[in-house]
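Got your viewer open? Let's take a walk through this one, stop by stop.

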Amino acid sequence: MGNLGNKNPLNSNWGSVCFNDSDCFGKKSRFEHKNPCKSCGSSDSACQCDFKAPARQLAAPLNSDCVLVNSVVGSKTVQKVAEAVFPFTAFDPDIPVGSTINNVAVATGSITRNTSIIRDKVVNIGLIAVTITVTFTAPGATTPETATLMTSLLFQEHTDFPGACPEDAVIESPFVIEGIFTQAGTPFVGADGTVTTAAILVKVILRTTITVTRQVIVDSHGGICDINDRRCESPTTPPTSNF
C-alpha cells in the first residue's frame with residue numbers, strides 16, 4: 001500500500017505519486033501495485049489532471065442583430081360574476097311552491113372561457129359548470145327532502161384596457177373562486193310571463209389576472225418598433241367574434 005514513512009512529504013496512502021501529468025495516462029488501474037501513478041484521481045493525489053469537455057459547435061450566425069420580444073401593454077386583476085336564477089321546477093324532483101328552503105349547496109366544476117380584444121377593451125365570455133343541491137321541506141311535511149340541478153352559469157365581462165388593440169395577445173391566469181352566494185325567493189319570470197318568487201339565485205364571483213402583450217422588434221441599440229404599425233387603426237366595420 002505504499003511507503004508510509006515521513007521522509008517524502010509527497011508520499012500517498014495509495015502508493016508513490018507521479019510528478020508529471022503525462023504519467024497519469026496510459027497506466028493500469030490505481031489498485032494494481034505496479035502502477036507508479038496509483039494515486040491519480042484519489043483525494044490525496046499530487047497529479048494535476050486537467051479534464052476538458054469536448055468543444056461545442058457554434059450556433060449558426062443570426063440573420064440580424066434584432067430580436068422579437070413581447071411588450072406588456074398592461075396587466076390587471078379583475079373580477080367576473082357568473083349568475084342565474086332557477087325556478088323550483090328546474091330541479092329534480094320539482095320543489096313544491098311554498099316549500100321552506102333549508103340549505104343550498106353549490107359545487108363548481110370546469111370553467112370555459114373565450115377572450116377577444118377590441119380597441120381599449122378585453123371582452124370575456126364563459127361558462128362555469130355547477131351542481132346545485134337544495135334541501136327543502138315541502139308544505140305540510142316534517143321530513144326534509146333533497147333536489148338537485150346540474151347546469152352552467154354564464155359570465156361575461158368587458159375590461160377597460162387603454163392601449164390594447166385587436167391584434168394583441170391576451171394571457172389570463174387560472175380563475176380563483178372568491179365566493180359563492182345563493183338566495184331563495186328571488187323573483188323569476190316564467191315562460192307565460194307570470195312572475196313568481198319560487199326560484200333561487202346562484203352567484204359565483206371569480207378572480208383572474210389579465211395581461212395584454214404585443215410583439216415588437218428591438219434592435220441592438222434598444223430601439224423598438226411594432227411588427228404591425230397599423231394594428232390599432234379603427235376597422236371600417238365592427239369586429240365579430242364567434243366563440
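The tour below goes from the cysteines to a neighbouring aspartate and then to a sheet. Keep in mind that this is a predicted model.

**Stop 1: the disulfide**

Start by selecting cysteine 165 and cysteine 232, and show their side chains. A disulfide joins the two, with an S to S distance of 1.5 Å. A search of the whole structure turns up one disulfide, so don't go hunting for another: a pair counts when the sulfurs are within 2.5 Å. Look along the S-S bond and you'll find a right-handed link, with 90° about that bond. Now colour by secondary structure: cysteine 165 sits in the loop between β4 (145–160) and β5 (169–172), while cysteine 232 is in the segment after β10 (224–226). The two are 67 residues apart, and the pair links distant parts of the chain.

Buried or exposed, where does cysteine 165 fall? Turn on a surface: cysteine 165 is buried, at 1% relative accessible area, whereas cysteine 232 is partly exposed, at 24%.

**Stop 2: two cysteines outside any disulfide**

Next, select cysteine 66 and cysteine 225. Cysteine 66 is in no disulfide, and its nearest cysteine sulfur belongs to cysteine 225, 7.0 Å away. Cysteine 225 is in no disulfide either, with the sulfur of cysteine 66 as its nearest. On the surface view, cysteine 66 is partly exposed at 33% relative accessibility, and cysteine 225 is partly exposed at 40%.

**Stop 3: aspartate 168**

Go back to the loop between β4 and β5 and pick aspartate 168. What is the relative accessible area of aspartate 168? The value is 8%, which means that aspartate 168 is buried. Draw a distance from its side chain to the backbone nitrogen of cysteine 165: a polar atom of that side chain lies 2.8 Å away. Then add the side chain of arginine 231, which makes a polar contact of 3.2 Å with the side chain of aspartate 168. Leaving out residues up to four places away in sequence, aspartate 168 also touches others, including Val73, Ile117, Gly163 and Val212.

**Stop 4: the sheet**

Finally, switch to cartoon and select β2, β3 and β4. These three strands form an open antiparallel sheet in the order β2-β3-β4. β2 (100–118) and β4 stand at the edges with a single partner strand each, so one side of each has no neighbour in the sheet. From one strand to the next, the twist averages 15°. Zoom in on β3 (residues 121–137) and β4, which pair over 16 bridges in the antiparallel sense. To end, label threonine 133, which stands opposite threonine 148 in β4.

Notes. Residues are numbered from 1 along each chain as its sequence is written. This is a predicted model: local features need pLDDT of at least 70, side-chain atom pairs count only at pLDDT 80 or more; totals for chains, interfaces and linings use all residues. Side-chain values use heavy atoms; hydrogens and water are left out. Helices (H or I, at least four residues) and strands (E, at least two) are DSSP runs, numbered from the N terminus. Buried means under 20% relative accessible area, exposed over 50%, partly exposed in between (1.4 Å probe, protein chains only). Two strands pair if DSSP finds at least two bridges between them. Axes are lines fitted to C-alpha atoms, for helices over the stretch in contact, and angles run from 0 to 180 degrees between N-to-C directions. A polar contact is a pair of N or O atoms within 3.5 Å; within protein, one must be able to donate a hydrogen and the other to accept it, and residues adjacent in sequence count only if both atoms are side-chain atoms. Contact means heavy atoms within 4.5 Å.
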